[in-house]
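This report looks at charge pairs, the nonpolar core and the cysteines. The structure comes first.

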Amino acid sequence: MLFGVEKLESEICKLRGLLRMLHEDQPDVLEDVFEFHVGSLISHASPESHGHIRACAQEMLMAIQALPRHADEATQDFSLMHGIAARPS
């Protein structure tokens with residue numbers, strides 16, 4: 001089933017959001033997820049669109065990877081008993 005232009009644009013917007021999230025939280029899987037989703041988009045597009053989709057997607061990936069990662073600025077402390085030292089029983 002081939003996607004129409006509007007559906008492809010919608011899927012690309014979703015991919016952009018996913019990549020931004022992964023860039024922040026799980027950068028180690030970003031490129032694998034990118035390749036999977038771009039491959040899926042290409043498989044649902046007409047053959048004459050494949051090169052254009054791949055080029056635009058690559059630009060998007062490079063732009064997202066160039067963004068600063070806010071997760072690096074401060075690590076989250078999820079301690080339930082913050083400030084209480086563990087005491088041996």
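A search of the whole structure, which is a predicted model, finds three salt bridges. Side chains of opposite charge can pair when their charged atoms come close. The table lists each pair with its N to O distance.

| Acidic residue | Basic residue | N to O distance |
|---|---|---|
| Glu 11 | Lys 7 | 3.1 Å |
| Glu 11 | Lys 14 | 3.1 Å |
| Glu 35 | Arg 54 | 3.2 Å |

**Pairs within helix H1**

Start with Glu 11. Its side chain meets that of Lys 7 in a salt bridge. Both residues lie in helix H1, which covers residues 5-25. They sit four residues apart, about one turn of the helix. Glu 11 also meets Lys 14 in a salt bridge. Here the spacing is three residues, again about one turn of helix H1. Salt bridges thus link Lys 7, Glu 11 and Lys 14 in a network. How exposed is Lys 7? Its relative accessibility is 36%, so Lys 7 counts as partly exposed.

**A pair between helices**

Glu 35 forms a salt bridge with Arg 54. Glu 35 belongs to helix H2 (residues 30-43) and Arg 54 to helix H3 (residues 50-66), so this pair ties together parts that are 19 residues apart in sequence. Glu 35 has a relative accessibility of 41%, and because buried means under 20% and exposed over 50%, Glu 35 counts as partly exposed. Arg 54 is also partly exposed, with a relative accessible area of 31%.

**The nonpolar core**

In soluble globular proteins, nonpolar side chains tend to be buried together. The largest nonpolar core in this model has 16 residues. Which of them touch the most other members? They are Leu 15, Leu 19, Phe 34, Val 38 and Met 60. Helices H1, H2 and H3 are the elements that give two or more residues to this core.

Take Met 60 from that group. Leaving aside neighbours within four places in sequence, Met 60 is in contact with Ile 12, Leu 15, Arg 16 and Leu 19. Two of these partners, Leu 15 and Leu 19, are also named among the core residues that touch the most other members.

**Cysteines**

How many disulfides does the model hold? The count comes to zero. Cys 13 has a relative accessibility of 46% and counts as partly exposed. Cys 56 is partly exposed too, with a relative accessible area of 35%.

Key
Residues numbered from 1 in each chain as written. Predicted model: local features only at pLDDT ≥ 70, side-chain atom pairs only at ≥ 80, totals over all residues. Heavy atoms only, no water. Salt bridge = Lys/Arg side-chain N within 4 Å of Asp/Glu carboxyl O. Buried < 20%, exposed > 50% of the residue type's maximum accessible area, 1.4 Å probe, protein only. Core = buried A, V, L, I, M, F, W, Y, C linked by side-chain atoms within 4.5 Å. Contact = heavy atoms within 4.5 Å. Disulfide = S-S within 2.5 Å.
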